[in-house]
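Here is a brisk tour of one protein chain. Keep the model open while you read.

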Amino acid sequence: MLKILIVEDEVGIRTIIKKYLSKFDITIIEAENGKKGLDTFLNNKDNIDLILMDVMMPEMDGIECTREIRKVSNVPIIMLTAKSEDEDEIEGLEVGANDFITKPFNLEVLLLRIKKLVDLDSNNDLELVKEQRAVKKNGKLIPLTKKEYLILEYFFENPNIILTRDQILNRVWTIDYFGDDRVVDTNIKRIRRKIDEDKKYIKTASGTGYIFVK
């Protein structure tokens, strides 16, 4: 599930954006000024996929907030502004914003801008990192146990087909394993907690095994 941080001092705008984007299985985190936006991001940076950043805000404006975030992260940032002056856009892009949209804006246009920066329509945001026995999701490295990695490796090699529990056991635990096949389910649950809480990638084939959707 995509997680977006909205840093915007107008509660009405935050509410409208949140209500609209929630229709697309997007989780929204809110902050009402730049200082709180920066603190919220720093405390959640591994879980935030994109930021919608207002320019004019109290305590810390969007330009300064973006500048500080860019010291620690390359998370995509779309700046929101009530102005249409070129210098505001130039300054925002100079400090590291990826895109710029002027208020009032069409929500469908906003969604398209988000889709341009973060792919909402495919599962190609997962990548195996074999050297580290890990996986990348939206560019973020997620460590795995040896068994979790081997299961995912098997899934990547066999996308969109049912793999039975016995097949997974034989591949990951070897054919000499005589334990309970529920060990497969236990490891799948752990993988889902790390990368697939909404079961977008790993589907259960009832009574049989699992399908990895790519």
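## Helix 5 and its cap

N106 caps the N-terminal end of helix 5, with a side-chain oxygen 2.7 Å from the backbone nitrogen of E108. This is a predicted model, and the cap is a good place to enter it.

Look along helix 5 next. L110, L111 and I114 are buried there. Viewed down the axis, the buried residues of helix 5 fall within an arc of 100°, so they line one face of the helix. A general rule helps here. An α-helix has 3.6 residues a turn, so residues three or four places apart point the same way. The other side of helix 5 holds exposed residues: E108, L112 and K116.

What covers the buried residues of helix 5? The cover includes strand 1, helix 1 (11–21), strand 2 and strand 3. Strand 4 (77–81) and strand 5 are also part of that cover.

## The loop before helix 5

Step back to the loop between strand 5 (99–102) and helix 5 (107–117), where K103 has its place. P104 is also in the loop between strand 5 and helix 5. The peptide bond from K103 to P104 is cis, with omega near -5°.

Is K103 buried or exposed? K103 counts as buried because its relative accessibility is 13%, and the cut-off for buried is under 20%. The side chains of K103 and E8 are joined by a polar contact of 3.0 Å. Neighbours within four places in sequence aside, K103 is in contact with E8, E10, I13, D54, L80, T81 and A82.

## Helix 2

Helix 2 (residues 34–44) has its own buried set: G34, G37, L38, T40 and F41. These residues cover an arc of only 165° around the axis, which puts them on the same side of helix 2. They pack against strand 1 (2–7), strand 2 (26–31), strand 3 (50–54) and helix 3 (62–69).

Helix 2 has a cap too. N33 caps its N-terminal end: a side-chain oxygen of N33 lies 3.1 Å from the backbone nitrogen of K35.

## Three loop residues

The table lists three loop residues with their places and relative accessible areas.

| Residue | Loop between | Relative accessible area | Class |
|---|---|---|---|
| E59 | strand 3 and helix 3 | 65% | exposed |
| K130 | strand 6 (126–129) and strand 7 (134–137) | 53% | exposed |
| N160 | helix 6 (146–157) and strand 9 (162–164) | 44% | partly exposed |

Two of these residues have backbone angles to check. E59 is not a glycine, although its phi is positive, at about 70°. N160 is also a residue other than glycine, and its phi is near 65°, a positive value.

K130 is worth a look for its contacts. Which residues does K130 touch, not counting those up to four places away in sequence? They are Y149 and E153. K130 and K203 are 73 residues apart in sequence. In space, these two are 23 Å apart, C-alpha to C-alpha.

## The largest pocket

Now turn to empty space. The largest pocket has a volume of about 420 Å³. It is lined by 17 residues, and the closest to its centre are D46, N47, K137, I142 and K194.

Where does the largest share of the lining come from? Strand 8 supplies it, with four residues. Strand 8 (140–143) and helix 8 (182–195) each give at least two residues to the lining of the largest pocket. By class, the lining has ten charged, five nonpolar and two polar residues.

## The whole chain

Finish with the overall view. The chain has eight helices and eleven strands. Its C-alpha trace spans about 70 × 30 × 25 Å along the principal axes. Of its 214 residues, 45% count as buried.

Consider also how the chain folds back on itself in sequence terms. Take contacts in the chain between residues at least 6 apart in sequence: 57% of these join residues at least 24 apart. The contact between K103 and E8 in the loop before helix 5 can be found again in this wider view.

Definitions and conventions. Residues numbered from 1 in each chain as written. Predicted model: local features only at pLDDT ≥ 70, side-chain atom pairs only at ≥ 80, totals over all residues. Heavy atoms only, no water. Buried < 20%, exposed > 50% of the residue type's maximum accessible area, 1.4 Å probe, protein only. Arc of directions from axis to C-beta. Contact = heavy atoms within 4.5 Å. Polar contact = N/O pair within 3.5 Å; in protein donor to acceptor, adjacent residues only side chain to side chain. 1 Å grid on protein atoms, 1.4 Å probe; cavity = no way out; pocket = protein on both sides within 12 Å on 5 of 7 lines; lining within 4 Å. Points joined across faces, edges and corners; volume = space filled by probe spheres on them. Nonpolar A, V, L, I, M, F, W, Y, C, P; charged D, E, K, R; others polar.
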